[in-house]
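Open the model in your viewer and keep the sequence panel beside it. This tour tells you what to select at each stop.

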Amino acid sequence: MKKWRVALIGNGGICKGCHLNEYLTDDRLEVAAVCDIIEERAQFLKDNYFPNADVYTDYKELLKDETIDSVDICTPNYLHSIIAVEAFKAGKHVFCEKPDAINVEEVLKMDEAAKKAGKTLMVMRNNRHVDISKYAKKYIASGKMGDIYCGRCGWQRRRGIPGKGGWFTTKEQSGGGPLIDLGVHLIDLSIWLMGNPTPVSVSGNTFSKFADNDLSDSANSDFGDKNSEGTFDVEDLAMGMIRFDNGAILQIEFSWASNIKEESRFVELRGSKAGLTWKDGKLEIYTEEEGELVDIIPTKLSEKDGHGRNLKHFYDVVIEGAKPDFEPQQGIDMIKILCAMYESAKQGKEIAL
């Protein structure tokens, strides 16, 4: 059977650390091309993993190859939508790292281009694909949580600013700080578990207090390319609330740097029959049975390789015809939420979507 030909665009840390394994283990796939503006990064992938791949420094030249079936985009945020639109015009399917885009206009362009081309667009939502999330989703779908009416989620770091002075902390290229960098992960997981209600308004604040602080207690500080003479014009903390069309609310908090005890990732949902906490790779459910309060703690579920599973799911969709678990409208809603949060912080009031 002819192998599915893939191009990897953006060959830095997220590509090598979180995407690479899928391409080394999925026999359906052939990495036909690698592309990075820093040629050494692309050449490294060719030399060490994909000897038959063509090397590019310009994605536009790569897209001229009519034999490539899909692209996997792992570039800085501002390029996600630009490259995706061009890839659709060239007749390719697109898998893209989060966030979907850096503003609403760009995410709508992606959706329109995908529909016009009749191709699949999927954006990384790796937390949906780990065991604990799947268990929680099934538990909720069974009706055992009842009506989920509120929740909170966050990713808090004590000191963990990535790529300080580089594109991560330059709003024009990143779209923002921890809200757009980390927020996509846990906001998406929360809304997905809640049954994908439609967001209707957002309120919140952003803060930047650690632009001149170089202390670190997190490996995440080593991610990205630092520039001591570069820009830091994004937030390091965002806090707020999302309202949904079904009356539910979700509190959110995301920080690269805060004076807290330790780094933590969490989703907490409260239902009329039960509640749950997804925290740092573990799941707990709080309910009642036979007149007693009961805690359910699954013991054999992992949080491993969500990125690889998400990629495998994409190829199940485009190659095997599987039903996608991600719809582009969910990505549009996500970027609307993030942009409304920044606008709310700017205007000091709730923003309707």
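Start with Leu8 in strand E1: its bridge partner in strand E4 is Asp72. This is a predicted model, where local features need pLDDT of at least 70 and side-chain atom pairs count only at pLDDT 80 or more, while totals for chains, interfaces and linings use all residues. Residues are numbered from 1 along each chain as its sequence is written, and side-chain values use heavy atoms, with hydrogens and water left out.

**Stop 1: strand E1 and its partners**

Select residues 4-9, which form E1. Helices (H or I, at least four residues) and strands (E, at least two) are DSSP runs, numbered from the N terminus. Now add E4, residues 70-73: four bridges join E4 to E1, and the two run parallel. Strands pair if DSSP finds at least two bridges between them.

Next, select residues 29-35, strand E2. Six bridges join E2 to E1, again in parallel. Look for Arg5, which stands opposite Glu30 in E2. Then follow the chain from E1 through helix H1 (residues 13-25) to E2; this β-α-β crossover is right-handed. Right-handed means that, with the strands pointing away from the viewer, the path from the first strand over the helix to the second runs clockwise.

Is E1 mostly covered or uncovered? It is mostly covered, with six of its six residues buried. Buried means under 20% relative accessible area, exposed over 50%, and partly exposed in between (1.4 Å probe, protein chains only). Trp4, Val6 and Leu8 are on one side of E1, Arg5, Ala7 and Ile9 on the other.

**Stop 2: aromatic rings**

Show the rings of Phe, Tyr and Trp (its six-membered ring): they pair if their centres lie within 6.5 Å, and planes under 30 degrees apart count as stacked, over 60 as edge-to-face and the rest as tilted. The count comes to seven aromatic pairs. Select Tyr23 and Tyr315: their ring centres are 6.0 Å apart and their planes at 75°, so the pair is edge-to-face. Tyr23 lies in H1 and Tyr315 in helix H10 (residues 306-320), so the pair ties together parts that are 292 residues apart in sequence. Both Tyr23 and Tyr315 are buried.

Move to Tyr49 and Phe50. Their ring centres are 6.2 Å apart and their planes at 50°, so this pair is tilted. Tyr49 is partly exposed at 34% relative accessibility, whereas Phe50 is buried at 7%. Then show Tyr23, Phe95, Phe314 and Tyr315 together: ring pairs link them into a cluster.

**Stop 3: backbone details in loops**

Select Lys98 and Pro99. The peptide bond between them is cis, with omega near -5°. Pro99 lies in the loop between strand E5 (93-96) and helix H5.

Go on to Asp280, in the loop between strands E12 (275-279) and E13 (282-289). Its phi is near 45°, a positive value in a residue other than glycine. Asp280 counts as partly exposed, at 36% relative accessibility.

Last in this group is Glu290, in the loop between E13 and strand E14 (292-296). Phi of Glu290 is near 50°, also positive in a residue other than glycine. At 80% relative accessibility, Glu290 counts as exposed.
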